[in-house]
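Colleague: Please take me slowly through one place where two parts of a chain meet, and then carry on outward from there. I am new to this, so please explain each term when you first use it.

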Amino acid sequence: MDAQIASAWAVLPDYLGQHVLLSVAALAIGLAVGLSLAIVSVWSPRLRWLLLTGAGLIQTIPGLALLALFYPLLLALSIVTGRLFGVTFSALGFLPSLLALALYSILPILRNTVTGILGVDEAVKEAARGVGMTPRQRLFKVELPLAMPVIMAGIRTAAVWVIGTATLSTPIGQASLGNYIFTGLQTQNWVFVAFGCVAAVVLALVVDQCLALIERGFAGRNAWLKVSGALGLATVLVASLVAGPAESGSRYVIGGKPFVEQYILAALIDKRLEAEGMKATSRVGLGSTVILDALAANEIDAYVDYTGTIWTNFMHRSERASHKKVLTEVGRWLQQTRSVTLLGPLGFDNAYALVMRRDQAERLNIHTIADLIPYAANFSIAGDYEFFARPEWKALKKAYGIDFRQTREMQSTFMYKAVADGAVDVIAGYTSDGQIAQYDLVVLGDPKQSLPPYDAILLLSPKRAHDQKFRHALEPLIGRVPTQAMRNANLSASRSNHQLTPEQAAAQLWRDIGGR
Amino acid sequence: MATDSVAIAFRNVDKSYDCGRTLAVRVVSLEIAAGEFLAMVGTSGSGKTTLLKMINRLVDPSAGTVEVEGQDVQTLDPFQLRRRIGYVFQGIGLFPHLTVAENIAVTPRLVGWSADKIETRMSELLDLVQLPHDVRQRMPSTLSGGQRQRVGVARALAARPNIVLMDEPFGALDPITRDALAREYRAAHQSLGLTTVMITHDMLEAILLADRIAVMNAGEIVAVGTPHDLLTDPKNEYVRELIDVPRRQASEVERLAGARL
């Protein structure tokens, strides 16, 4: 517990700094765009309807979806600008998060500004015309100042939304306070989850209260309140940015998908690089389809993927093949289509496998998927959010002619407990998961080899393919991580008692496999 | 300024809304002499506010011309025109987010007076409308109704206009304040040599203040004349009705006062 809090504190400056930077930049854009659109729409009722409807529509898109949408959009745009002007930009991380959050913040600012301006007393507007103010003078001297309390209320709403929603930028590769929440959820580290929530809430409250001071300053014509509110905001901004680490350009960026094993492997690679005197930072929690594109685009320098994922998801192959054949073909395909280097397999495999409770398996005499067939019609099966949409599931059903009573999707970390508790009968688990041993579960055999092999492979970006120092630092990991060692590391980083952080688990794993 | 020169002229002015179907003002012709105090009287919707707003182009006529000091207002920049004409609004219309001083200084600032010049003018104006000088930094919401309308008058006079338009300026005030303010304004009108056009519902107020009264009904001027003219020779039934109200009230008051003695 203390170790978890300590390690949460240790990354706070980084996460908070990035969170604040992202939120402030997004709000600044939202403010500029929202205010301009509001002023334009005050003059044209038709445009006002259009803009408010549009902004309202954007608001109904869930925050996570909006963030996710910007990645492919920017990727396509980057390809286009690359072809046309030779300029490409990062479609991952800061930029998509910034744009999505800015878009999100427009509505409250736009709506409140329009409402505020239109709500100014007709007699006062008439007086402004009567004394000879031009439309621009009326706007800046009378309408905007009188609407200011309503506008500030909109800015407060936008600020709170942006700070809250910024926690969702983690899966598209932007570090934020959401990293605590996503990592914590994956590693069942509730200290992290709570830490992330509290930090985001405190930040939102402080910013909101500073803005409230400014709002009261405008309402009561009190310059002191305005100044102290602005000073408060400036303090938050400067403190978070100064506390955040200075990013050096020559860092290696290690990617990871959003589950415990990937956090540990990213930490393991970081450790290897640091041991060789190289600087590294990790960008974990990337979605599994985003991450290969990110590597090919040199946005990350290395990460660990699995042969089966490439084989089925990207190469669209479904035939049975040996570990060796899949490995060779995946390596060739990655090189040819993405210029990605497959440095080598780590040694363990993390395949999908059907898993059930040992006592139930023994009672019913089930050892393989084939033995499961007569019972399947009464059984429910759980899998992660992807599994039932993947070709493996189709291949498995076809190979065995098996059909379950019910399929349920759940967070992968919870499904082992679900099968252990009897909430479901079978799960599509991962062979390297530590919880298989923890809950005394059994992995069912796959005699028809319907599920492809999932050997862990270390991939390098095109930019780093010939970086000898980098390759040299990572080569000691190749072929050195057996399934059992990985399972132990996964368990120690996800069990409820004496849980280790991914970094601690990586250190332990490195010792286990004889590294120094 | 010669007293017989024309300050404001309406020449065959029409104003229609919804493409000519409703006429708010029809064929109005009227000349207002420089230095004159003209009251416009009529029921709500008789077109008097529309006519008033044509003078400073808050409303443009559909036909005919409006001239201010000899110039067709359609040829003038509306913002410049409004800045040289004082305007006292119905319901006062002070800017609630500005102090008394800032409200009064609005037009001088728009026409680009220096801070010194505005400061000197401010003292003159506060004396003129009989407000204590410590109201400058107060917000309009902290003033009484009478004080607010004094600020409204000071704002209208701030940039030294020749012409002042007043739209039911004293309508919302209690009778005593109203009477005092009206007489003070009439005195200022005289001493500053202003041309004033004032809209009022109250025939008695018009009779007591104005040099001439224009009676409007259904968009037309049905009678124009001095109070004496209208009292002695009301041209038509509508004017007679309007005149009869204050006259009957006055004789009733007289009778009651006599009866007590």
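Modeller: Let us begin at the boundary between two domains of chain A, where 14 residues of domain 2 of chain A are in contact with 14 residues of domain 3 of chain A; contact here means that the C-beta atoms of two residues, placed from the backbone, lie within 7 Å. The largest share of the domain 2 side of this boundary, six residues, comes from helix α20 (residues 483–492) of chain A, and by class that side has five nonpolar, six polar and three charged residues. In this classification Ala, Val, Leu, Ile, Met, Phe, Trp, Tyr, Cys and Pro count as nonpolar, Asp, Glu, Lys and Arg as charged, and the others, Gly among them, as polar. Helices (H or I, at least four residues) and strands (E, at least two) are DSSP runs, numbered from the N terminus.

Before going further, please keep in mind that this is a predicted model, in which local features need pLDDT of at least 70 and side-chain atom pairs count only at pLDDT 80 or more, while totals for chains, interfaces and linings use all residues. Residues are numbered from 1 along each chain as its sequence is written, and chains are lettered from A and ligands numbered from 1 in the order in which they are written.

The domain bounds, which come from an automatic or database domain assignment, give chain A domain 1 (2–243), domain 2 (252–348 + 453–512) and domain 3 (352–443), and the C-alpha centres of domains 2 and 3 of chain A lie 26 Å apart.

Two helices of chain A deserve a closer look. Helix α10 (residues 260–275) of chain A has 16 residues, which at 1.5 Å a residue should span 22 Å, and its end C-alpha atoms are indeed 22 Å apart; the expected span is 1.5 Å times one less than the number of residues. Of the 16 residues of α10(A), 13 are buried, so this helix is largely enclosed by the rest of the structure. A residue is buried if 20 or more other C-beta atoms lie within 10 Å of its own, exposed if 12 or fewer, and partly exposed in between, again with C-beta atoms placed from the backbone. Just after α10(A) comes G277(A), with a positive phi of about 75 degrees. Helix α4 (residues 94–118) of chain A has 25 residues, with an expected span of 36 Å that agrees with its end-to-end C-alpha distance of 36 Å, and 20 of those 25 residues are buried. At I106(A), α4(A) bends by about 25 degrees, and a proline, P108(A), follows within four residues; the bend is the angle between axes fitted to the seven residues ending at a residue and the seven starting there.

Turning to chain B, its domain assignment gives domain 1 (6–84 + 163–260) and domain 2 (98–161), and 13 residues of domain 1 of chain B are in contact with 14 residues of domain 2 of chain B. On the domain 1 side, the elements that give two or more residues are β7 (163–167) and α7 (175–192) of chain B, and the largest share, five residues, comes from α7(B).

In strand β7(B), five of its five residues are buried: I163(B), L165(B) and D167(B) point one way, and V164(B) and M166(B) the other way. Four bridges join strand β6 (residues 85–88) of chain B to β7(B) in parallel fashion, with Y87(B) opposite L165(B), while five bridges link β7(B) in the parallel sense to strand β8 (residues 195–200) of chain B, where V197(B) is the bridge partner of L165(B). Two strands are said to pair if DSSP finds at least two bridges between them.

Two residues of chain B that are not glycines have a positive phi. Q130(B), with a phi of about 55 degrees, lies in the loop between α5 (115–128) and α6 (145–157) of chain B, and this residue is exposed, with 12 other C-beta atoms within 10 Å. R160(B), with a phi of about 50 degrees, lies in the loop between α6 and β7 of chain B, and counts as partly exposed with 15 C-beta neighbours inside 10 Å.

Finally, where the chains meet, 15 residues of chain B are in contact with 13 residues of chain A, and α2 (78–83) and α4 (106–110) of chain B each supply at least two residues of the chain B side.
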